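Trainee: I am new to this structure and should like to go through it by question and answer. May we begin with the charged side chains?

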Amino acid sequence: MLAIALKMLIGNRASFIGVIFGIFLATLLISQQSAIFLGLVSRSYRMITDMPGPNIWVINPLTESDEKAKDIPIGYLNVVKSIPGIEWAEPIGLAQLPLLTSSGVFHIGKINGLDDASLLGAPVEVIQGDIQDLHRDGAVIIDVDSARDTLAKVLPDGTKIPLQIGDSFEINNQRAVIVGISKITQGFYPQPIIFTTLTQFKKFTSNFSGDVEFIAAKAKKEDVEKVLKRINQYETLYGLTTNQLDWRIAKSFLKTGILINFGLSVILGIIIGFSISGQIFYTMTLQNMKYFALIKSLGGNQRLISNMIVFQVAIVGVIGYLLGTAATILWGFAVEGTTLAFWFPWYLFLFTAFIALIICIFTAGLSIRRIFNADPKMLMGE
């Protein structure tokens, strides 16, 4: 009977392809929009993920993210260092400052002030230059996307010439010299990311109070919870693990309403799957009603017919799901290395498969109900 069900399915090629297309389109829209959403969320805490060393972060209780950070008195750095279980702790300063290139390009950049001695927080992947050159006067490291695009020199004809090591520009009316170009995770906001020492950070930030936005620390795994309890005894300090800070920043990011926007796209994909696949498969079932009626009249029970319908839906569902997922993955490879966000973790496969399964169950349910309610005698007489 499964062979007959297959012949009934592919006998009407237009309907067969239409059902597959409906599931393909729903899968593509759901998986692609979800992958873009997850990619954008992961970019919101890129500063944390790009710094693999620390497992404890100390912030002001009012800090929600690196975009909305309240400073910590620098004196608390020694307090954190003195806590039993802490192996090391280093300060990180953050500031949003105006940038001006020699060709007249103006932008607002995020300046990261790193401890002069350890340079903790410096980019892991430096394409050109040497991190140690940050100790030079006015030295900075910029991200490669800013060097090639955002801060690139613009010729009168519009041609962009990437910034190179040795080029200079202004940060808050102070001269900065590029000593390195790095590759980092793109942030959500398309702005230059610049690294320098805290000493130079003070010069760039004319109103620098000496306080910092983050204290990154390392403790032994077995001591992490104990250390956090000691840190959180201070009213002006709030200690978190790396995962906790990631989630805190992500929650702050989600307050922008981006979840609603992408959620509506996913809902639209589900509606498309239900409407296109359900309607076309239901119509195809009506076209094959006389065959199902014949099977019923020859003694075919409801279980047999249900299995045939489920088999048909499973085929179009699997094909549509695989095609939609493959298209999303190919699109992900196409945008890799660009400024576009994309992240397709393993659980997104399961989420998309679950939605596709719901669409298939709905589609099969409509057709099975219609066949069960039909009178074989009336159908055979048509």
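**Salt bridges, strands and a surface patch**

Mentor: The count of salt bridges comes to nine. Please keep in mind that this is a predicted model.

Trainee: With which side chain does the side chain of K110 meet in a salt bridge?

Mentor: Side chains of opposite charge can pair when their charged atoms come close. For K110, the N to O distance in the salt bridge is 2.6 Å, and the partner is the side chain of E67.

Trainee: How many residues apart in sequence are the parts that K110 and E67 tie together?

Mentor: K110 lies in strand β3, which covers residues 106-114. E67 lies in the loop between β1 and α4 (76-82), so the pair ties together parts whose separation in sequence is 43 residues.

Trainee: Is K110 buried or exposed?

Mentor: Buried means under 20% relative accessible area. K110 has a relative accessible area of 4%, and therefore counts as buried. Its partner E67, at 37%, is partly exposed. The answer for K110 is thus: buried.

Trainee: Which residue forms a salt bridge with K203, and where does that residue lie?

Mentor: The closest N and O atoms of K203 and D137 are 3.1 Å apart, and the two form a salt bridge. K203 lies in helix α6 (residues 198-204), so the pair ties together parts that are 66 residues apart in sequence. K203 is partly exposed at 41%, whereas D137 is exposed at 62%. The residue asked for is D137, in the loop between β4 (125-129) and β5 (139-143).

Trainee: Which residues do salt bridges that share partners join into one network?

Mentor: The network arises through shared partners in salt bridges, and its members are E64, K68 and K255.

Trainee: In which sense does β1 pair with β11 and with β12?

Mentor: Strand β1 (residues 56-59) has I56 and V58 pointing one way and W57 and I59 the other way, and all are buried. V58 stands opposite I215 in β11, and I59 has Y238 of β12 as its bridge partner. There are three bridges between β1 and β11 and four between β1 and β12. In both pairings the sense is antiparallel.

Trainee: What is the area of the nonpolar surface patch that includes I260?

Mentor: I260 is placed in helix α9 (residues 258-287). With a relative accessible area of 58%, I260 is exposed. Together with L264, I267 and I271, I260 makes a nonpolar surface patch of about 410 Å².

Conventions:
Residues numbered from 1 in each chain as written. Predicted model: local features only at pLDDT ≥ 70, side-chain atom pairs only at ≥ 80, totals over all residues. Heavy atoms only, no water. Helix = DSSP H or I, 4+ residues; strand = E, 2+ residues; numbered from the N terminus. Patch = residues over 30% accessible without salt bridge, like charges linked within 9 Å, V, L, I, M, F, W, Y side chains within 5 Å. Areas by Shrake-Rupley, 256 points an atom, 1.4 Å probe, with all protein chains shown as cover. Salt bridge = Lys/Arg side-chain N within 4 Å of Asp/Glu carboxyl O. Buried < 20%, exposed > 50% of the residue type's maximum accessible area, 1.4 Å probe, protein only. Pairing = 2+ DSSP bridges.
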